[in-house]
Amino acid sequence: VFGVEALLRWPHEIYGRISPPVIIKIAEEAGIINDLGKWIIARACRQLGVWKQAGLDNVRMSINVSVLQVQSGWLADDIHKAMQANKLLPGDVEVEITEDMALNLNARTTAILERIREIGARIAIDDFGTGHSSLQYIKTSAIDTLKIDRLLSHDVAEDKGSQEIIASIVSLCSSMNIEVTAEYVETEAQRRKLEQLGCNQYQGYLYSPALAPTEAENYIRR
């Protein structure tokens, strides 16, 4: 286990489990996305700090952020304060932005992401490979991890096109010392093909569903 991803869950008393994209959209429309995002960052960093105090080292915490959080200008400060409050080290936290967000960065938001790296957090591009992705973008951006979209990894065992795209991504990232993680890996056939293509970090139900903190700690220890 090299890392975990903080996932937002809202079990509504009337409507049941609300999906994360709906939660984010509601928070953005209600004008509370920055407050919600700050709470998520604080909660995730606090949990990682608890695990580290309990002896779980070398586990990275990935946290998704919205474009409005990045544009607010407060994101780097929120992350820095949370890391300091929980005695987290450089590399302990990874901030995930979407591919679409990465491809539409301006000078101001790029500077904010660079500031996040300066305080010791990593930058990851999530859901990469099925939008308007450009491998040229990877060469000109300061990122640490690239997460392959599920639409590519889901069909990788049989689909030649997915295999060729993933092989190109892995090759370029390897030459630039960028980690590659395949998301939504659910079968051993997927894992074997990804390994053949040079990808050796996987996230998905082949290993574990989403877990509550105590269950996640037990899983990591096992």
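So, D127 sits in strand β6, where strands are DSSP runs of E with at least two residues and helices are runs of H or I with at least four, numbered from the N terminus. The odd thing about D127 is its backbone: phi is positive, about 55°, although D127 is not a glycine. Its relative accessibility is 28%, so D127 counts as partly exposed. On that scale, buried is under 20% relative accessible area, exposed is over 50%, and partly exposed is in between, using a 1.4 Å probe and protein chains only.

Quick word on what we're looking at. This is a predicted model, so local features need pLDDT of at least 70 and side-chain atom pairs count only at pLDDT 80 or more, while totals for chains, interfaces and linings use all residues. Residues are numbered from 1 along each chain as its sequence is written, and side-chain values use heavy atoms, with hydrogens and water left out.

Okay, on to Y184. Here's another residue that is not a glycine and has a positive phi of about 55°. You'll find Y184 in the loop between β8, residues 179-182, and α10. With 38% relative accessibility, Y184 counts as partly exposed. And what sits over the ring of Y184? That's the charged end of R150, 4.9 Å from the ring centre. The rule here is that NZ of Lys or CZ of Arg has to be within 6 Å of the ring centre and within 35 degrees of the ring normal.

Let's stay with rings for a second. How many aromatic pairs does a search of the whole structure find? The search finds 1 aromatic pair. The partners are Y202 and Y207, and they're stacked, 6.3 Å centre to centre with 5° between the planes. To pair, rings of Phe, Tyr and Trp (its six-membered ring) need centres within 6.5 Å; planes under 30 degrees apart are stacked, over 60 edge-to-face, and the rest tilted. Y202 is at 14% relative accessibility, so it counts as buried. Y207, on the other hand, has a relative accessible area of 37% and is partly exposed.

Next door in the sequence is Q201, in the loop between α10 (188-196) and α11 (213-221). Is Q201 buried or exposed? It's buried, at 14% relative accessibility. Its side chain makes a polar contact with the side chain of T181, at 3.0 Å, and there's one with the side chain of E179 too, at 3.4 Å. A polar contact is a pair of N or O atoms within 3.5 Å; within protein, one must be able to donate a hydrogen and the other to accept it, and residues adjacent in sequence count only if both atoms are side-chain atoms. If you leave aside neighbours within four places in sequence, Q201 is in contact with F2, E179, V180, T181 and A182, contact being heavy atoms within 4.5 Å.

Now, two helices. Start with α4, residues 75-85, whose buried residues are L75, A76, D78, I79, A82 and M83. Why do those residues end up on the same side of α4? Because they cover an arc of only 165° around the axis, the arc being that of the directions from the helix axis to the C-beta atoms. Over on the other side of α4, K81, Q84 and A85 are exposed. What covers the buried residues includes α2 (33-53), α3 (67-72), β5 (93-98) and α6 (107-118). After α4 comes K87, with a positive phi near 55°.

One residue to pick out there is Q84: at 55% relative accessibility, Q84 counts as exposed. The C-alpha atoms of Q84 and I138 are 30 Å apart, and the two residues are 54 residues apart along the chain.

Then there's α6. It has 12 residues and runs 16 Å from its first C-alpha to its last, close to the 16 Å expected, where the expected span is 1.5 Å times one less than the number of residues. Buried in α6 are T109, I112, L113 and I116. They cover an arc of only 95° around the axis, which puts them on the same side of α6. Those buried residues pack against α3, α4, β5 and β6 (122-128). The face turned away carries the exposed residues A107 and E118. Just after α6, G120 takes a positive phi of about 110°.

Last stop, I26, which lies in helix α1, residues 20-30. I26 is partly exposed, with a relative accessible area of 42%. Its C-alpha atom and that of G73 are separated by 21 Å, for residues 47 apart along the chain.
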